[in-house]
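Please open the structure in your viewer and get your selection tool ready. We will go from stop to stop, and at each one I will suggest what to pick next.

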Amino acid sequence: MINKPGSGRVVGFVVDIFCTGMIDVANEFKLPTYVFYASNAANLGFNLCIETLCVELKQDAIEKSNLEREIVVPSFVNLVPMKAFPVEYQQQDALDFLISFSGKMREAKVVLVNTFLELETLAVKSFPDTNFPPVYRVGPALNLEGVAGKADDMDAISWLDGHPPLSVVVLCFGSAGNFNEVQVKETALGLKRSG
């Protein structure tokens, strides 16, 4: 691609957290890498906090997730109960992935986060000045035109229009939603009680 006549000049790589291994490829071409973090700044801060616990402080996050304690997460306003750690981070393979992508992100020139200062002031200001690239806010990154009006959307809109106002609750657990039996039962109970 670089040598193809008429192609634009490649000035850097933009990758997401699932492709941080491409940083090595960019380095071979002596190009900078920019990591796009599609989740919010608070989530990035939480992940970096867990990585710090595991790598720098040599603590076992899986073991800690079973403790009746709370920890300070610089990107959060409140203390976080260790038992509230996401289920994924109570499994070694998921924790290894978090440590891997967090470590590779440190090699990027910049981390681009889908947020804006007015939404996440504390989280945005919580990132360390050293040992982590600058964090740039590029949000909100929304596609307001590319999806609206498609047949699948219209089916959903028609279905929603067929229900009374304020009668539908949407639960979105992201692309990695994963719950244990107790959490599923509590969620179901909460929905049932809400009417």
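Which residue of E6 does Val-113 stand opposite? Select Val-113 and look across to E6: the residue there is Arg-137. Bear in mind throughout that this is a predicted model.

**Stop 1: the sheet**

Stay with these two strands for a moment. E5 and E6 are joined by three bridges and pair in the parallel sense. Now widen the selection to the open sheet, where four strands follow the order E1-E2-E5-E6 with parallel pairing. E1 and strand E6 (135–137) are the edge strands, each with a single partner, so one side of each has no neighbour in the sheet. If you look along the sheet, neighbouring strands are turned by 30° against each other on average, direction ignored.

Next, pick E1 and E2, which run parallel and are joined by four bridges. One place to zoom in is Phe-13, whose bridge partner in E2 is Thr-33.

**Stop 2: the two faces of E2**

Show the side chains of E2. In a regular strand, side chains alternate between the two faces of the sheet. Here Thr-33, Val-35 and Tyr-37 point to one face and are buried, while Tyr-34 and Phe-36 point to the other face and are not buried.

Keep Tyr-37 selected and display its surroundings. Beyond its neighbours within four places in sequence, Tyr-37 is in contact with ten residues' worth of scenery, including Asn-43, Leu-44, Phe-101, Met-105 and Val-111.

**Stop 3: the nonpolar core**

Which residues touch the most other members of the largest nonpolar core? Among its 36 residues, these are Val-35, Tyr-37, Leu-44, Ile-50, Ile-71, Met-105 and Val-111. Strand E1 (13–16), helix H1 (22–28), strand E2 (33–37), H2, H4, strand E5 (110–113) and helix H5 (121–125) each supply at least two residues of this core. H2 gives the largest share, with nine residues.

**Stop 4: H2 against H4**

Finally, select helix H2 (residues 41–56) and helix H4 (residues 92–105). Their axes come within 9 Å and cross at roughly 105°. Angles of 65 to 115 degrees count as roughly perpendicular, and H2 and H4 are therefore roughly perpendicular to each other. To see the contact, show residues including Leu-44, Ile-50 and Val-55 of H2 together with Leu-95, Phe-101 and Met-105 of H4. Coloured by class, the contact of these two helices has 10 nonpolar, three polar and one charged residues.

Methods
Residues numbered from 1 in each chain as written. Predicted model: local features only at pLDDT ≥ 70, side-chain atom pairs only at ≥ 80, totals over all residues. Heavy atoms only, no water. Axes fitted to C-alpha atoms, helices over the stretch in contact; angles between N-to-C directions. Parallel < 35°, antiparallel > 145°, perpendicular 65-115°, else oblique. Contact = heavy atoms within 4.5 Å. Nonpolar A, V, L, I, M, F, W, Y, C, P; charged D, E, K, R; others polar. Core = buried A, V, L, I, M, F, W, Y, C linked by side-chain atoms within 4.5 Å. Buried < 20%, exposed > 50% of the residue type's maximum accessible area, 1.4 Å probe, protein only. Pairing = 2+ DSSP bridges.
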